[in-house]
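Grab a pencil and work through a few short exercises on the structure shown here. Try each task before you read its solution.

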Amino acid sequence: MNTLCEEVRQLIEEINPYVEVKAETRLLEEGVLTSLEIFALLIALEDKYDIEVPGEAITREHFSKIEDIASLVTELMRKK
């Protein structure tokens, strides 16, 4: 797992300390993140990486796995 993926994993586990997240964990399908926890994760990502996640980017595809979230963050950081 690369550094960004590891940081995303840590954020998820801070938001929901009752789960252990692995790279292959399907965050929504396995119930790791609720809608409220996704909102908390969005705020944490925006604060940590100084990005703004547009509403149209909040999709199942972008929040399915840690790698998907990291890819979204990378894409948004490049656009700054």
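**Two helices, two faces**

On the other side of α1 from its buried residues, T3 and E14 are exposed (exposed means over 50% relative accessible area, buried under 20%, partly exposed in between, with a 1.4 Å probe and protein chains only). Before starting, note that this is a predicted model, where local features need pLDDT of at least 70, side-chain atom pairs count only at pLDDT 80 or more, and totals for chains, interfaces and linings use all residues. Residues are numbered from 1 along each chain as its sequence is written, and side-chain values use heavy atoms, leaving out hydrogens and water.

**Exercise 1.** Work out which residues of α1 are buried, and where they sit around the axis.

*Solution.* Start with the list: L4, C5, V8, R9, L11 and I12 are buried in α1. They cover an arc of only 160° around the axis, so they end up on the same side of α1 (the arc is taken from the directions from the helix axis to the C-beta atoms). Next, look at their partners: these buried residues pack against α2 (35-49) and α3 (66-78), with contact meaning heavy atoms within 4.5 Å.

**Exercise 2.** Do the same for α3: find its buried residues and its exposed ones.

*Solution.* First, I66, I69, A70, L72, V73 and L76 are buried in α3. Down the axis of α3 they fall within an arc of 160°, so they line one face of the helix. Then turn to the face away from the buried side, which carries the exposed E67 and R78. Finally, the buried residues of α3 pack against α1 and α2.

Conventions
Helix = DSSP H or I, 4+ residues; strand = E, 2+ residues; numbered from the N terminus.
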